[in-house]
Amino acid sequence: MRIWSLTIACVCGILLGSWGLLAGAPKAASALNQLQTYLDESLASAKAKDWQRAVDALETGLFLARQKAPLEVRKAVVVHRAHTGIGLYEPAKGGEIKDQELKLYVEVANFENKSIGREKFQVKLDVSGEFQLEDGTALGTRQLGTHVFQTRSPTGITSFGLDVRLGQTAPKGLYLLKL
């Protein structure tokens, strides 16, 4: 008996952060100058063997760069257990799906954190997926949910679990999913 199996292609631009960053040319130049300042500070700190200060300056620069970088879907993996945290997953053997329920571990970077208070940020990600059979037959695009969460650590990298019921009419076989 053939079961459902899934291959995932991570395509940026279909998984969208709801709050986009609009940047004009003067702001872009300012951001480059700020980034250069933090990179210089990090290098000077490293030369002085002040490693913590070097790391802090790099993290601040990375935070600035992530605001300008496009959204990146770093990982999307079929799993059988619920999401428990970033990097904490066990891939399903062969990408096989149990009982017509697709469980994914998804890791994204470079989304915007919206400030909602002192050291408190909100992230909102709208997720959709385009399904195809192995032979290229398009099965359509489907909204897969909105993920909203609050964090006190605006690192610009997160992960979440995604549960999708395929439905009784979904044909068995190998699928391609573009997020």
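**Strand E7 and its surroundings**

Strand E7 and strand E10, which spans residues 174-178, pair in the antiparallel sense through four bridges. Within that pairing, Phe131 sits opposite Leu177 of E10. Before I go on, please keep in mind that this is a predicted model.

E7 covers residues 120-133, and 10 of its 14 residues are buried, so the strand is largely enclosed by the rest of the structure. In general, side chains in a regular strand alternate between the two faces of the sheet.

E7 has other partners. Strand E6, residues 114-117, runs antiparallel to E7 and is joined to E7 by three bridges. Here Lys114 faces Gln122 of E7. The two strands make a hairpin with two residues between them.

Which residue in that turn has a positive phi? That is Glu119, at about 55°. Glu119 lies in the loop between E6 and E7, and with a relative accessibility of 52% Glu119 counts as exposed, because the cut-off for that word is over 50%. As background, most residues other than glycine have a negative phi. Glu119 is a residue other than glycine with a positive value.

Lys49 is another such case: its phi is near 60°, again positive in a residue other than glycine. Lys49 belongs to the loop between helix H1, residues 25-47, and H2. Its relative accessibility is 62%, so Lys49 counts as exposed.

Back to the sheet. How many bridges pair E7 with strand E8, residues 138-151? There are 12, and the sense is antiparallel. One of the matched positions is Gln132, whose bridge partner in E8 is Ala138. This hairpin has four residues between the strands, and Gly136 has a positive phi near 95°.

Gln143 is also in strand E8. Is Gln143 buried or exposed? At 61% relative accessibility, Gln143 counts as exposed. Leaving out neighbours within four places in sequence, Gln143 is in contact with Val127 and Ser128. Gln143 and Ser128 are 15 residues apart along the chain, and their C-alpha atoms are separated by 4.3 Å.

Next, the aromatic rings. The count comes to one aromatic pair. The ring centres of Tyr89 and Tyr105 are 4.2 Å apart and the planes are at 25°, so the pair is stacked. This pair links distant parts of the chain, 16 residues apart: Tyr89 is in the loop between strand E3 (72-78) and strand E4 (96-97), and Tyr105 is in strand E5, residues 101-109. As for accessibility, Tyr89 counts as partly exposed at 25%, whereas Tyr105 is buried, with a relative accessible area of 2%.

Last, a pocket. In general, rolling a probe the size of a water molecule over the atoms shows where empty space is left. The second largest pocket has a volume of about 160 Å³. Which residues line the second largest pocket? They are Glu59, Thr60, Leu62, Phe63, Arg66, Pro154, Thr155 and Ile157. Helix H2, residues 51-68, gives the largest share of the lining, five residues. By class, the lining has four nonpolar, two polar and two charged residues.

To close, a recap of the main strand: E7 pairs in the antiparallel sense with E10 over four bridges and with E8 over 12, while three bridges join E6 to E7.

Note on methods:
Residues are numbered from 1 along each chain as its sequence is written. This is a predicted model: local features need pLDDT of at least 70, side-chain atom pairs count only at pLDDT 80 or more; totals for chains, interfaces and linings use all residues. Side-chain values use heavy atoms; hydrogens and water are left out. Buried means under 20% relative accessible area, exposed over 50%, partly exposed in between (1.4 Å probe, protein chains only). Two strands pair if DSSP finds at least two bridges between them. Rings of Phe, Tyr and Trp (its six-membered ring) pair if their centres lie within 6.5 Å; planes under 30 degrees apart count as stacked, over 60 as edge-to-face and the rest as tilted. Contact means heavy atoms within 4.5 Å. On a 1 Å grid over the protein atoms alone, a cavity is a set of points where a 1.4 Å probe fits but cannot get out, and a pocket is an open set with protein on both sides within 12 Å along at least five of seven lines; lining residues have an atom within 4 Å of a point. Grid points are joined across faces, edges and corners, and a volume is the space filled by probe spheres set on the points. Ala, Val, Leu, Ile, Met, Phe, Trp, Tyr, Cys and Pro count as nonpolar, Asp, Glu, Lys and Arg as charged, and the others, Gly among them, as polar.
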